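Here are a few notes from going through this one. Have the structure open while you read.

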Amino acid sequence: MRKIGLREVEDIALGASLLGAGGGGDPYYGKLMAIGAIKECGPVELISPEEVPDDAIIMPIAMMGAPTVLCEKGTGGDEYRVIYEMVSQYMGKSVYAVMPMEAGGVNSMLPIAAAARLGLPMVDCDGMGRAFPELQMVTFTIGGVSATPMALTDEKGNSAIFNTITNKWTEELARAVTMSCGGSVTVSLYIMEGRTMKAFGVKNIVTRSEQLGRAIRGVKNQEGLTPEEAFLKASEGYGIFKGKIVDVLRETNGKFNIGRIIMEGIGDYRGERAEVTFQNENLTASVNGELRATVPDLICLVDTETFIPVTTEALKYGKRVMVVGLKCYEMWRTEAGLELVSPRYFGVDTDYIPLEERVKGGAENV
Amino acid sequence: MYKLGIDVGGTNTDAVIIDENLEVVAAIKHPTTDDVYEGIISAIREVLRESGVDRGSITQAMLGTTQCTNAIVERKNLAKIGLVRIGAPATTGIPPMVDWPEDIQGVVEDYTVIRGGFEFDGKELAKLDTAAAAEFFEKLKGRVKSVAISCVFSTIRNDHELEIARLCREIMGADVHVSISSEIGSMGLIERENATILNAALYQVAERFTEGFAKSLADEGISNAEIYLSQNDGTLMTMEHARRYPILTIACGPTNSIRGASYLSQLKNAIVIDVGGTTTDFGMIQNGFPRESSVAATIGGVRTNFRMPDIISIGLGGGSIVRRQPDGRVTVGPDSVGYRITSEALVFGGQTVTATDIAVKLGMAELGDPALAAGIDDELAAGAMAAIRDMVEECIDSLKLSSEDVDVILVGGGSIVLPRELSGTAHVYNPEHFGCANAIGSAISKVSGNYEQLIDYNQIPREQALEQAKAEAAKMAVEAGAIPETVEIIEVEDVPLAYCVGNTCRVRVKAAGDLA
């Protein structure tokens with residue numbers, strides 16, 4: 001057990017924007033909620049998965065809806081109590097701790113706000129190790145855990161518990177309610193016991209996020225290493241490309257923010273071209289037409305000077321970025337994992353080949 | 001009929017006079033003084049004398065000033081204010097100023113978050129709680145003279161903000177300054193609210209510089225001029241508007257410099273390279289306006305919704321020190337002899353090899369005593385120029401949007417050290433009056449209209465929605481004083497709302513036109 005205070009929140013937020021792999025929303029508003037809650041209620045206890053009893057009820061916390069709406073409405077702060085009471089009553093047992101379901105983006109921060117306001121510990125574990133666009137894309141699905149019962153509340157106090165027959169129904173019903181409630185709500189889903197969390201969760205991901213954030217902040221002060229080398233070492237990342245954005249093609253299919261980013265090489269990559277495709281999160285990265293990384297590995301775009309991650313929404317012509325690949329959690333690389341998040345699931349016609357194999361194919365193997 | 005442009009910078013106050021064909025009649029530099037108005041008055045006198053134009057024929061006077069930025073950064077002359085946020089039961093999870101540096105939080109004497117505000121589709125989020133606002137204003141009365149009001153989705157509907165503003169004046173008196181967030185604009189409640197708080201706290205600073213400027217002009221006999229202030233987006237606002245929304249003057253300096261350079265070279269699309277003694281700034285001008293950075297601006301530690309010009313700075317200038325490294329490479333900068341160049345550079349009898357000495361040695365410039373640079377090793381000179389070329393060409397390439405060659409405008413006193421032929425460029429221009437680009441940028445500015453709305457393309461088709469948005473923006477520019485025939489659409493942006501059912505996009509259009 002250790003305490004998460006304001007300093008730690010800053011680092012976790014920065015790390016979470018990297019784990020967002022281009023999506024997940026800018027953690028800034030989430031960070032403000034976490035800061036607001038900690039200033040009001042004190043630091044949060046972060047506990048390791050092993051500290052959780054097998055039969056304890058764990059309640060993941062997330063927001064659902066449009067990040068743009070969240071950036072106007074924020075949250076009220078009372079949502080967590082509403083959810084806690086609903087879940088405890090439904091399960092017939094008080095909730096023991098909260099946890100993030102998604103370590104990347106804005107959803108990394110809301111459980112911190114919830115833990116502070118409820119006075120509950122937060123477990124150092126999530127269900128993705130990154131951000132993903134669809135509700136069933138969590139390691140707990142591999143473990144056979146159902147997304148429902150799912151508790152949902154808006155800031156006005158409207159709340160509901162969903163029991164659905166498939167995750168597709170959960171998604172459809174929850175999205176419809178979310179829009180009626182004003183476009184952004186607080187939810188708890190994949191409510192589970194400690195033993196399930198321990199068997200299928202991505203452990204110590206909050207700590208990893210914090211370390212990533214601290215490393216990005218410190219890249220300029222690493223003895224004997226250039227900032228780029230320091231960044232790749234600390235993130236255990238694979239440098240894929242460095243270039244400036246020459247085109248961003250976006251469209252929305254009514255549900256996702258999809259598109260392509262075209263880059264022209266700068267520095268060592270001058271004369272080369274790269275493309276990154278995205279569906280909320282980045283899906284593929286290719287250099288000169290050859291794939292170098294695909295989902296479920298993480299494809300992140302970071303600023304070439306500061307190494308601060310750039311989200312898909314903030315991409316602009318002329319921005320200079322470095323494309324970095326990070327290995328995904330091992331469970332995603334299993335057959336059961338790939339069934340949920342393989343490149344083909346996202347409409348990319350290729351087999352999944354691990355990042356470290358793909359980068360060997362090209363000239364730059366960092 | 002003439003325009004007078006003034007730019008008050010940290011070091012110099014520049015003044016220019018421009019005629020009705022936008023030709024520069026006179027341009028001067030004067031040191032900025034502690035009392036800003038002494039510097040302004042002296043600059044006005046000097047430029048009037050140099051130009052010989054009749055005071056009465058100056059019909060427009062434009063001022064670009066960093067005083068608001070300085071007041072915020074230095075925490076000086078900021079007034080105590082009250083804040084009302086409309087948005088409960090939403091937003092209360094993020095209290096106002098939650099991530100502000102402690103030394104500036106004190107500007108807010110007291111705040112309250114009341115029920116009200118809107119959803120993204122314009123529906124009421126909660127019924128407006130006027131009773132809570134009235135109680136707060138009663139309590140605040142006499143304690144502050146300026147109030148900031150923010151509201152959830154006020155960029156979609158501003159009626160709750162207007163209602164509370166009216167109530168505020170009713171209770172606290174007609175002379176209370178009220179700043180509402182919808183006037184400052186842009187999505188993102190916290191950034192908008194932050195800017196509104198800073199705006200409210202600047203009211204005395206604004207009074208002082210608008211009145212001071214008007215008085216300086218009157219004292220110099222310029223009594224027929226309409227007065228305008230430069231905004232951060234490179235357009236102008238009236239003095240009346242500047243008094244109410246001084247925060248909009250933030251960071252107009254770099255914007256004016258880039259626009260001035262564009263004007264002087266008559267180029268609407270180019271890279272502007274401003275070379276000083278120590279650093280070189282690279283900016284991009286697109287359709288006559290600077291390309292904006294994608295990062296929200298933080299002013300004095302407070303995150304706001306203002307976009308700044310996208311600028312890359314490198315440590316290269318006229319005073320940059322040239323060295324041969326142990327491995328044989330020749331480097332230029334990043335350190336510089338700075339303002340001591342006139343005593344330390346070889347050509348001025350000093351002992352340090354600077355970029356300026358290299359330029360003189362290679363016959364690119366005539367400065368000081370060329371004989372003193374003649375002894376520089378040929379190989380060192382060639383190596384240094386190659387290093388400068390590499391640095392500059394890399395930056396040009398980073399800024400470009402495509403591999404096509406672009407035009408480059410060189411300004412600034414240090415620009416003599418740059419080669420005139422650079423790869424990736426079509427033409428390199430070095431316009432006259434390049435030293436006063438800021439004041440010129442201010443004098444030639446246009447007035448603008450900004451329109452922002454969330455639009456569901458399933459209800460209004462995209463083409464139609466964009467046309468409507470353009471028409472609205474153009475109408476706003478005309479309302480701000482633009483001649484209708486000159487209004488152009490200068491920026492269109494539509495970004496889909498992620499993770500949202502339907503096809504809702506955030507549409508932003510900016511239009512600008514010439515002043516009548």
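1. A quick word on terms: two residues count as in contact when their C-beta atoms, placed from the backbone, lie within 7 Å. Also keep in mind that this is a predicted model.

2. Start with B:Val16. Setting aside neighbours within four places in sequence, B:Val16 is in contact with B:Gly5, B:Val24, B:Ala26, B:Ala27, B:Val47, B:Cys436, B:Ala439, B:Ile440 and B:Ala443.

3. That residue belongs to something bigger: the largest nonpolar core has 285 residues, and B:Val16, B:Ile388 and A:Val323 touch the most other members. The top contributor to this core is helix 13 of chain B (residues 378-399), which gives nine residues. As background, nonpolar side chains in soluble globular proteins tend to be buried together.

4. Now the chain A–chain B contact. Chain A puts in 42 residues and chain B 38. On the chain A side, at least two residues each come from helix 2 (28-41), helix 3 (67-73), helix 7 (167-180), strand 12 (238-252) and strand 13 (257-265). By type, that side has 15 nonpolar, 14 polar and 13 charged residues.

5. Chain A itself splits into domain 1 (2-205) and domain 2 (231-361), with C-alpha centres 26 Å apart. Their contact uses 20 residues of domain 1 and 21 of domain 2. Helix 1 (6-19) and helix 6 (139-142) are the elements giving two or more residues to the domain 1 side. That side is made up of nine nonpolar, nine polar and two charged residues.

6. Chain B divides into domain 1 (1-76 + 204-250), domain 2 (79-201), domain 3 (268-430) and domain 4 (445-513). Between the C-alpha centres of its domains 3 and 4 there are 38 Å.

Key: Residues are numbered from 1 along each chain as its sequence is written. Chains are lettered from A and ligands numbered from 1 in the order in which they are written. This is a predicted model: local features need pLDDT of at least 70, side-chain atom pairs count only at pLDDT 80 or more; totals for chains, interfaces and linings use all residues. Helices (H or I, at least four residues) and strands (E, at least two) are DSSP runs, numbered from the N terminus. Ala, Val, Leu, Ile, Met, Phe, Trp, Tyr, Cys and Pro count as nonpolar, Asp, Glu, Lys and Arg as charged, and the others, Gly among them, as polar. Domain bounds come from an automatic or database domain assignment. A nonpolar core is a set of buried Ala, Val, Leu, Ile, Met, Phe, Trp, Tyr and Cys residues joined through C-beta atoms within 7 Å. A residue is buried if 20 or more other C-beta atoms lie within 10 Å of its own, exposed if 12 or fewer, and partly exposed in between; C-beta atoms are placed from the backbone.
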